[in-house]
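Me: I'd like to talk through a structure with you, one topic at a time. Can you keep the answers plain and tell me what the terms mean as we go?

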Amino acid sequence: MTAQLPGWKSLPPGAVITRPGSTVEYKTHDWRTLRPVIDQERCIRCRLCWLYCPEGTIIELDKPYTTKAGRKYTRTYEINYDYCKGCGICAQECPAKAIKMIEEVR
Amino acid sequence: MSTKPKIPTIWDIPREELFAPGHRMCQGCGAAILMRHITKALGKDAIIVEATGCVEVTTTVYPQTAWKHPWLHIAFENAAAGASGVEAAIKALKRKGVIPKDKKVKVVAIGGDGGTFDIGLQALSGMLERGHNVLYIVYDNEAYMNTGIQRSGATPYKAWTTTTPVGKVWRGEWRPKKDIMGIVLAHRVPYAATVNPAYITDLYMKVRKAVEIEGPTFIHAFSPCTPGWRIDPALTVTVARLAVQTGVWINYEVENGEFRVTTPVSRRKPVRDYLKLQGRFRHLTEEEIAEIQRMVDEEVERINRLVGKTVIGPVVK
Ligand SMILES: Cc1ncc(C[n+]2csc(CCOP(=O)(O)OP(=O)(O)O)c2C)c(N)n1
Ligand code: SF4
Ligand code: SF4
Ligand code: SF4
Ligand SMILES: [Mg+2]
């Protein structure tokens, strides 16, 4: 199927892009050869992986979590794998060693 | 007089993202980390004017954009001139009553080191000299990365680039890095600071300050580049942190002439620790590393003299 491309007359003048943040339509997950996986049991909710991710693809959620040892957290960090490029910064920076980089299998 | 805002903690950084994913910056790009947190610190009332370079070409692949701010593409050499024009237009529109007089909008120019240290230097100097209410941010990845790692005035001594190759005669870049902060400060601007992506709360505080202060302000941001520096993408933040821990990079700010180091380092690590993680320095001999160590020692001494006490300590192995 060929996509219907807009003609030049229907494009905004000056190549103005009118949709802020629209790169979300472009998923970058297929750049990834390694996949970061967060171990929620080990994670101490320090926020560092969220802070340093170049893609902003680690999501901070107000989602409670209780570890098997009974430790209660109000926040949870989850990875949106649509954009993760697998750089490994999160795993490198995690002070609790809660993130493992595993081989990506598609 | 210097304003002493509350030093932010990691929990003060807003959760909301103003810089969208799906951009095409390389895996582990330092500039991507910078842009995420710069946009958070700017808040919504800012207009960004961007010189071409990596950040521009990777974030605005038509018909999409990663930016949520009003954002203007400008040629390689004139982000500062474009930003000056936008700021003047805002003034005129306020005068004509089109925009409310009390509406605060900061114009922010962003350029790479090539676009700032080299080809955009005249536009930058003009902007600073005329006193526009513009914040200029240079993300310094120490070469022309977008076009294939050509050296710039910001390339450090002995670094390999495609135009300062390593062979029998050439040993990488043979000129020292240009002192852009010195050039900016010679314009007597009210605020100028250096920031580093490993130290986000420091960056956040400085961008907030630079937005609040009226007049031309300047931020020089350290920006590790994975292909250009030949580093493991996982080590971007590690390399950035080591730059500070070795004294290769010093986080400081100059507010109305008052100089302050914001990340003191009591015991420095040897520069070797920083250099050895980067392929662009792989060719260095022991003597060459010792020479770079001496250059860093001299700069640290100069900074300590400026502050009037030892804020960056000696190398401890
Ligand atoms: C006048 C002019 N010369 C050359 C170019 C090609 N060009 C585009 S970006 C760039 C290099 C940008 O280097 P820098 O400012 O350091 O940004 P980086 O790509 O490293 O992020 C060059 C040479 C251009 N766009 N305009
Ligand atoms: S691997 Fe990189 S891109 Fe993926 S979540 Fe971690 S820091 Fe973000
Ligand atoms: S860096 Fe590690 S410990 Fe901290 S929030 Fe992320 S996964 Fe949890
Ligand atoms: S070449 Fe370097 S600065 Fe440019 S996007 Fe890639 S990592 Fe970032
Ligand atoms: Mg550059």
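Me: Are Asp113(B) and Asn141(B) buried or exposed?
Reply: Asp113(B) and Asn141(B) are both buried, where buried means under 20% relative accessible area, exposed over 50% and partly exposed in between, with a 1.4 Å probe and protein chains only. This is a predicted model, in which local features need pLDDT of at least 70 and side-chain atom pairs count only at pLDDT 80 or more, while totals for chains, interfaces and linings use all residues. Residues are numbered from 1 along each chain as its sequence is written, chains are lettered from A and ligands numbered from 1 in the order in which they are written, and side-chain values use heavy atoms, with hydrogens and water left out.

Me: OK, and which protein donors does the magnesium ion (ligand 5) have?
Reply: The protein donors are Asp113(B) through OD, Asn141(B) through OD1 and Ala143(B) through O, lying 2.0 to 2.1 Å from the ion; donors are N, O and S atoms within 2.8 Å of the metal (3.2 Å for Na, K and Ca), and since water is not among the atoms, sites may look incomplete.

Me: Where do Asp113(B) and Asn141(B) lie in the chain?
Reply: They link distant parts of the chain, 28 residues apart, with Asp113(B) in helix α4 (residues 113–118) of chain B and Asn141(B) in the loop between β4 (134–140) and α6 (180–185). Helices (H or I, at least four residues) and strands (E, at least two) are DSSP runs, numbered from the N terminus.

Me: Switching to charges, how many salt bridges are there over all chains?
Reply: The structure holds 33 salt bridges over all chains, a salt bridge being a side-chain nitrogen of Lys or Arg within 4 Å of a carboxyl oxygen of Asp or Glu.

Me: What does Lys104(B) pair with?
Reply: Lys104(B) forms a salt bridge with Glu212(B), with the closest N and O atoms 3.8 Å apart. The two are 108 residues apart, Lys104(B) being in the loop between α3 and β3 (106–112) and Glu212(B) in helix α7 (residues 200–212) of chain B. Lys104(B) counts as exposed at 54% relative accessibility, whereas Glu212(B), at 42%, counts as partly exposed.

Me: And which salt bridge joins Glu212(B) and Arg208(B)?
Reply: Their side chains meet at 2.5 Å, N to O, and both residues lie in helix α7 of chain B, four residues apart, which is about one turn of the helix.

Me: Last one: which residues are linked in a network with Arg47(A)?
Reply: Arg47(A) is linked with Glu60(A), Asp62(A) and Arg15(B) in a network of salt bridges.
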